[in-house]
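Visitor: I'm new to this one. Can you walk me through it?
Guide: Sure, let's put it on screen and start.

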Amino acid sequence: MNERVGKAGRWLAQNRLPCLALAAGCAAQGLFLLLRGRREAMDAAAQAALAVRRFVSALADPLPFSLAEALCTALGVWLLVMAALTVRGALRGRRVAARRLLGLAALVVWIAAGVSWLWGVHYYAASFSEKSGLEPAPVSAGQLAATALWFAEGANRTGRLVPRDGEGRLSADSAAILAAGADSLDALARAYPFLDGPARQPKPALYSWFMSAAGFTGYIFPFTGESTLNVNCPNVFLPVTIAHEQAHQQGVAPEQEANFVGVAACLENPDTLWQYSGWLFGFLHLSNALYTDDAAAWQTVWQQLEAGPVADLLWNDEYWASFESPAADLAESTYSAFLEGYGQTMGMASYGACVDLLVARYCPLAAGE
């Protein structure tokens with residue numbers, strides 16, 4: 001028994017640093033879990049996380065590539081190298097696997113804690129609805145249909161003004177859209193000052209094809225504060241996706257609220273292309289909700305949509321249909337689990353829940369009609 005205790009003690013002494021790192025990471029994650037139900041603590045932590053992300057993103061912003069992708073690539077290469085070295089050490093009779101696994105566990109725990117403290121805190125802090133006073137309310141069928149129709153008219157009006165290719169689809173340069181996207185929230189921030197923040201250049205994703213395979217159009221990386229965008233998918237929704245991700249950069253965490261901010265920011269943008277992206281994206285969410293609520297009203301509204309917007313929606317549908325696979329389903333379920341882990345009980349479905357906010361702000365009918 002004493003011999004076993006002695007061996008354990010020697011092993012812990014030899015692996016003191018990874019053990020301490022693992023314990024500290026568990027403590028950091030445990031503290032987050034303990035405090036996430038306390039609003040004042042989360043509000044303070046959210047402000048600190050915002051400040052950290054703004055500082056790091058200022059360093060990353062001048063880079064012509066996504067630092068987030070570079071770091072993830074470096075991590076992947078490092079893991080492969082460590083795996084190869086571990087196998088080689090085991091073949092030579094060296095007992096390195098346990099130490100490497102301990103180090104890997106410490107790394108995973110610290111990544112989880114970093115995501116929690118740099119991003120997860122925003123799910124428990126004051127929401128966009130609370131800060132703006134724009135609270136979603138129950139929506140009647142008439143309000144939903146009227147708002148969907150109003151967005152269809154907006155998509156038609158701006159859709160006539162954007163360039164189109166021979167197939168009638170939007171013809172726009174993704175690089176030009178990204179270049180114009182550093183301050184996509186500026187106009188909307190006049191109405192909601194808490195959205196004001198330093199301009200940050202959205203980055204094109206080198207791994208855009210893989211993002212499409214996983215069903216993602218963009219993401220914010222908590223450790224660098226960058227927004228990285230899929231530039232392979234149809235770019236009709238690239239402007240609204242940029243604004244969505246920059247809403248995340250300003251601490252708007254729930255997907256339904258970031259979707260609303262993305263649409264609202266595009267409608268306030270002086271560029272017609274950005275307006276069109278917002279109108280069409282808002283229409284898509286509103287019409288999907290209307291179809292579930294009243295298929296006949298949905299048919300009536302859809303019949304008002306002109307050929308250009310219809311062509312763009314079909315283009316978008318066809319692109320994403322080509323990536324349907326078990327891998328895409330797994331990615332969606334994994335991200336849903338991630339969202340649910342931070343109290344977002346709607347999971348990926350929360351991407352469509354911006355409808356209540358859109359109706360609350362843009363419905364042309366008087367309340368209750």
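**A quick tour**

Guide: Start with a salt bridge: E130 pairs with R39, and their closest N and O atoms are 3.3 Å apart. Keep in mind that this is a predicted model.

Visitor: Where in the chain do E130 and R39 sit?
Guide: They link distant parts of the chain, 91 residues apart. E130 is in helix α6 (residues 128-132), and R39 is in helix α3 (residues 39-60).

Visitor: How many salt bridges are there?
Guide: The count comes to 7 salt bridges.

Visitor: New topic. Which residues form the nonpolar patch on the surface?
Guide: L75, W78, L79, L101, L104, V108, I111 and F223. Together they have about 650 Å² of accessible area.

Visitor: Which elements give two or more residues to that nonpolar patch?
Guide: α4 (67-91) and α5 (97-118) do. The largest share comes from α5, with 4 residues. V108, for one, lies in helix α5.

Visitor: OK, helices. At what angle do α12 and α17 pack?
Guide: About 40°, with the axes 8 Å apart. Helix α12 covers residues 255-268, and helix α17 covers residues 355-362. An angle from 35 to 65 degrees counts as oblique, so α12 and α17 are oblique to each other.

Visitor: Which residues meet there, α12 to α17?
Guide: From α12, Q256, E257, F260, V263, A264, L267 and E268. From α17, L357, L358, R361 and Y362. By class, that contact has 7 nonpolar, 1 polar and 3 charged residues.

Visitor: And α13 with α14, how do their axes cross?
Guide: At roughly 145°, coming within 6 Å. Helix α13 is residues 272-293, and helix α14 is residues 295-302.

Visitor: What meets what in α13 and α14?
Guide: F283, S287, L290, Y291 and D293 in α13 meet A295, A297, W298, V301 and W302 in α14. The classes here are 8 nonpolar, 1 polar and 1 charged.

How values were computed: Residues are numbered from 1 along each chain as its sequence is written. This is a predicted model: local features need pLDDT of at least 70, side-chain atom pairs count only at pLDDT 80 or more; totals for chains, interfaces and linings use all residues. Side-chain values use heavy atoms; hydrogens and water are left out. Patches are made of residues with over 30% relative accessible area and no salt bridge: like charges are joined within 9 Å, nonpolar side chains (Val, Leu, Ile, Met, Phe, Trp, Tyr) within 5 Å. Accessible areas come from the Shrake-Rupley method with a 1.4 Å probe; for residues, only the protein chains shown count as cover. A salt bridge is a side-chain nitrogen of Lys or Arg within 4 Å of a carboxyl oxygen of Asp or Glu. Axes are lines fitted to C-alpha atoms, for helices over the stretch in contact, and angles run from 0 to 180 degrees between N-to-C directions. Angles under 35 degrees count as roughly parallel, over 145 as roughly antiparallel, 65 to 115 as roughly perpendicular and the rest as oblique. Contact means heavy atoms within 4.5 Å. Ala, Val, Leu, Ile, Met, Phe, Trp, Tyr, Cys and Pro count as nonpolar, Asp, Glu, Lys and Arg as charged, and the others, Gly among them, as polar.
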